[in-house]
Amino acid sequence: MKKVVKFGGSSLANAEQFQKVADIIRADEARRYVIPSAPGKRFSSDIKVTDMLYECYDIAESGKKFTAKLDKIKERYNEIIKGLELDLSLDHEFEVIHENFENKAGSNYAASRGEYLNGIIMANYLGYEFVDAAEVIFFDEAGNFDEVKTDKELANRLKDTERAVVPGFYGAKPDGSVKTFSRGGSDVTGSIVAKAIQADLYENWTDVSGFLVTDPRIIENPEVIETITYRELRELAYMGATVLHEDAIFPVRKAEIPINIKNTNAPQEKGTLIVAHTCHKPKYTITGIAGKKGFAAINIEKDMMNAEIGFGRKVLGVFEENDISFEHMPSGIDTMTVFVHQSEFEEKEQKVLQGIQRNVHPDYIDLESDLALIAVVGRGMRSTRGTAGRIFSALAHANINVKMIDQGSSELNIIIGVRNEDFETAIKAIYDIFVTIQL
């Protein structure tokens, strides 16, 4: 069995955390490929090493002296090395970094050094082979990830490597220059490695015990989701739920490799298993609740709209012309509503309204702003009657006016529109009706 294990910044913030991580890896022989992030915060007011590197490079790029800042970063790593009692020096690596900062190697290079250096320490501590991500993960000249080349080279490099540490977050372009994924990109690296070696499982270790049913800033100690499908996760992630970097879902989803989100500080807990398919019945009717604020709704009315061929295309064409994407489009016989991000729409609202007037000559247009969208997601809804009714009942009981409700044909999710000020109350009401009353 082969497992790829990725550890986040909080899991590798200091020597004590490194020791926890090493214990986890050594507890399972299958944990053969390790993806480390850069050291995160040691305490709430601390600074992540990646942020320190960005700041240091900004100073270097402006032509000012940056040695003192770089020395502070070096101290963070030496503190870890000393705490682990390693016979290891990063002096040469920091000399190279100093030289490259002076030569303006770029902010991507600067940011990547956090994972690079942590990878060296981790490989030394575990006795694993260190594989520089710049040698096995590739981007094209335009900075787009080269999946085909990476798959081939990474699989070839690791096929005879029993155990390896591959730093997360970065790769290289054809000219050898370092290119990073977006923030949180170590999740992506882990997923890429798992796909390349056809791992049996991708374990993503972080500081939470799995994927939560809803936002813990709204619901205190929400329940942990035991099993979730990739489709459900995609729906929740799109609506703002965050544990995994969104792009990390796709490489392993394509290969149907399960992901297990686990807690470094509570390794005995099961965490959340993310799978392509499952007959595992969910604990609750719903799997998760997520949402976002900041939407506007454009309500369009016209008699006999349903008989007018191309009406919807003409309306949406106006939004396309103005580079505005729409989120949802519920409609009736003579009505259509288009939900858009308010921040994108406000700058161009008059052009959009004029365009709609010109294209379809509506009887009436009405605008609503400061709206929120909430996604209630769950494969259990397919086999449960009255889910929408229970949502309406819960929201009515909480005195919340529903502005929109839309259910996809897959019966996997229901989208509810409410006012921004009702957002948190609505999530609490939905959580209570589906989760709290069943506890």
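Q: Is Val136 buried or exposed?
A: Keep in mind that this is a predicted model. Val136 sits in the loop between E3 and helix H6 (147-158). Buried means under 20% relative accessible area. Val136 comes in at 1% relative accessibility, so the label for Val136 is buried.

Q: Which residues does Val136 touch, not counting residues up to four places away in sequence?
A: Start with Thr150, which is 14 residues from Val136 in sequence and 6.1 Å away in space, C-alpha to C-alpha. Thr150 is on the contact list too, and the full set touched by Val136 is Val131, Thr150, Leu154, Arg157 and Val166.

Q: What about Asn14: does this residue count as buried or exposed?
A: Asn14 is in the loop between strand E1 (3-7) and helix H1 (15-26). Leaving aside neighbours within four places in sequence, Asn14 is in contact with Arg42 and Ile80. The cut-off for buried is under 20%. Asn14 has 19% relative accessibility, so Asn14 counts as buried.

Q: Which are the edge strands of the open sheet of 8 strands?
A: Walk along the sheet and the order reads E3-E4-E2-E1-E7-E9-E10-E8, with mixed pairing. An edge strand here pairs on one side only. That description fits strand E3 (129-130) and strand E8 (227-229).

Q: Which residue in E10 is the bridge partner of Ile261?
A: Strand E9 (residues 259-263) and strand E10 (residues 272-275) run antiparallel, and 3 bridges join them. For Ile261, the bridge partner in E10 is Thr272.

Q: What angle does the direction of helix H8 make with that of E8?
A: Helix H8 covers residues 230-238 and packs on the sheet. There, H8 touches E8, E9 and E10. Between the directions of H8 and E8, the angle is about 80 degrees.

Q: Which element gives the most to the lining of the second largest pocket?
A: This pocket has a volume of about 370 Å³. Strand E11 (288-301) and helix H14 (423-434) each supply at least two residues of the lining. The top contributor, with 3 residues, is E11.

Q: How many residues of the lining of the second largest pocket are charged?
A: The lining is made up of 20 residues, and Asp215, Pro216, Gly240, Ala241 and Thr242 lie nearest the pocket's centre. Sorted by type, the lining has 13 nonpolar and 5 polar residues. The number of charged residues is 2.

Conventions
Residues are numbered from 1 along each chain as its sequence is written. This is a predicted model: local features need pLDDT of at least 70, side-chain atom pairs count only at pLDDT 80 or more; totals for chains, interfaces and linings use all residues. Side-chain values use heavy atoms; hydrogens and water are left out. Two strands pair if DSSP finds at least two bridges between them. Helices (H or I, at least four residues) and strands (E, at least two) are DSSP runs, numbered from the N terminus. Contact means heavy atoms within 4.5 Å. Axes are lines fitted to C-alpha atoms, for helices over the stretch in contact, and angles run from 0 to 180 degrees between N-to-C directions. On a 1 Å grid over the protein atoms alone, a cavity is a set of points where a 1.4 Å probe fits but cannot get out, and a pocket is an open set with protein on both sides within 12 Å along at least five of seven lines; lining residues have an atom within 4 Å of a point. Grid points are joined across faces, edges and corners, and a volume is the space filled by probe spheres set on the points. Ala, Val, Leu, Ile, Met, Phe, Trp, Tyr, Cys and Pro count as nonpolar, Asp, Glu, Lys and Arg as charged, and the others, Gly among them, as polar. Buried means under 20% relative accessible area, exposed over 50%, partly exposed in between (1.4 Å probe, protein chains only).
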